[in-house]
Amino acid sequence: MANIRTPDPGLKLDLAGKTTYGDYLRLDRLLSAQEPRSRPEHHDELLFIIQHQTSELWMKLLIHELTAARALVREDRLEPAFKILARAGQIQRMLFEQWSVLETLTPSEYLEFRSVLGPASGFQSAQYRALEFLLGNKDASALLVHRQSPEVHAWLERYLHEPSLYDEFLRHLARRGLPVPPERLDRDFSGPYEPHPGVVAVFRTVYADPERWWDGYEMAEKLVDVEERFQLWRFRHMMTVHRIIGFKPGTGGSSGVPFLKRALDVRFFPELWDVRTELEPPH
């Protein structure tokens, strides 16, 4: 008997003049955006391009979600922010897991097309920089590489000068009556965040009585989740680079693995980590 598949009678097959799947997703633009430069084209360059393009798409969504979470914290609406941060965690998981695809690229395969990248480097990712600014790792010098793109530069400059997600959380805790040091609430937000023992004391209060401060306690743990996943992502990136190019310099002029290793020492929410050392058993 012939294997005949009959379309569902309700399927819309005449789509002339109507929005199609490809139209809605702009697949004409999306799937034509991969333009390998190696000649003859090397088989693995497409993998390299798609890996980084999909990372940028996930980062776009992560910026969208973290910006929304920050706005909710600013409005003292922590519980809706928890849902958004849970989604952010899943996006971070996708970013982490997809390194496993790039790790199938061997050193000899990458060397076949590495030269066509020129000075292009992930260090130049504006979205990665926006994520770091959103989470509090502020550095005005990071904008220098974007001087040739005025719109991108202005977009990043806004994130540089705005309070980070952590800054907004500290402001929220202060509005709740907790003694957050004033110098952490009213400062130049474009500068790097400096840890303060007074903020550690605030979190010690929250962690010592989670029932009283439950939403603040939960938010603190959500932020620790975000930072831990970000660090794991950084670590996986470093190991993938080490696996593929060893200790060669990066294409953008960085020292490569040592440069990525130094990033692992950067903390977004330092007092949330420091408070763990100071907590004591309840009496």
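The largest cavity in this predicted model encloses about 30 Å³ of space. A search of the whole structure finds one cavity of 30 Å³ or more. For those new to the subject, rolling a probe the size of a water molecule over the atoms shows where empty space is left.

Which residues line the largest cavity? The lining consists of Gly136, Lys138, Ser164, Tyr166, Asp167, Arg187, Phe189, Gly191, Tyr193 and Phe268. By class, four residues of this lining are nonpolar, three are polar and three are charged.

I turn now to the packing of two helices. Two packed helices are described by the angle between their axes and the distance between the axes. Here the pair is helix H7, residues 126-135, and helix H12, residues 214-245. Their angle is about 145 degrees, and their axes lie 12 Å apart. The crossing of H7 past H12 is left-handed.

Which residues of the two helices meet? From H7 come Tyr128, Leu131, Glu132 and Leu135, and from H12 come Val226, Phe230, Trp233 and Arg234. This contact of H7 with H12 comprises six nonpolar residues and two charged residues, with no polar residue.

Next, I would ask you to consider the backbone. Most residues other than glycine have a negative phi, and most peptide bonds are trans. Three places in this model deserve mention in that light.

The first place is arginine 26, in the loop between helix H1, residues 21-25, and helix H2. Arginine 26 is not a glycine, yet its phi is positive, at about 50 degrees. Is arginine 26 buried, partly exposed or exposed? Its relative accessible area is 41%, and therefore it is partly exposed, since that class lies between the limits of 20% and 50%.

The second place is aspartate 76, which belongs to the loop between H3 and helix H4, residues 78-97. Aspartate 76 also has a positive phi, of about 60 degrees, although it is not a glycine. Because its relative accessibility is 39%, aspartate 76 counts as partly exposed.

The third place concerns a peptide bond. Where is proline 40 found? Proline 40 is in the loop between helix H2, residues 27-30, and helix H3, residues 45-74. The peptide bond that joins arginine 39 and proline 40 is cis, with an omega of about -5 degrees.

To close, I return to the cavity: with Phe268 among its lining residues, the largest cavity holds about 30 Å³ of space. Thank you for your attention.

Methods
Residues numbered from 1 in each chain as written. Predicted model: local features only at pLDDT ≥ 70, side-chain atom pairs only at ≥ 80, totals over all residues. Heavy atoms only, no water. Axes fitted to C-alpha atoms, helices over the stretch in contact; angles between N-to-C directions. Helix = DSSP H or I, 4+ residues; strand = E, 2+ residues; numbered from the N terminus. Left-handed = near helix turned anticlockwise from the far one by under 90°. Contact = heavy atoms within 4.5 Å. Nonpolar A, V, L, I, M, F, W, Y, C, P; charged D, E, K, R; others polar. Buried < 20%, exposed > 50% of the residue type's maximum accessible area, 1.4 Å probe, protein only. 1 Å grid on protein atoms, 1.4 Å probe; cavity = no way out; pocket = protein on both sides within 12 Å on 5 of 7 lines; lining within 4 Å. Points joined across faces, edges and corners; volume = space filled by probe spheres on them.
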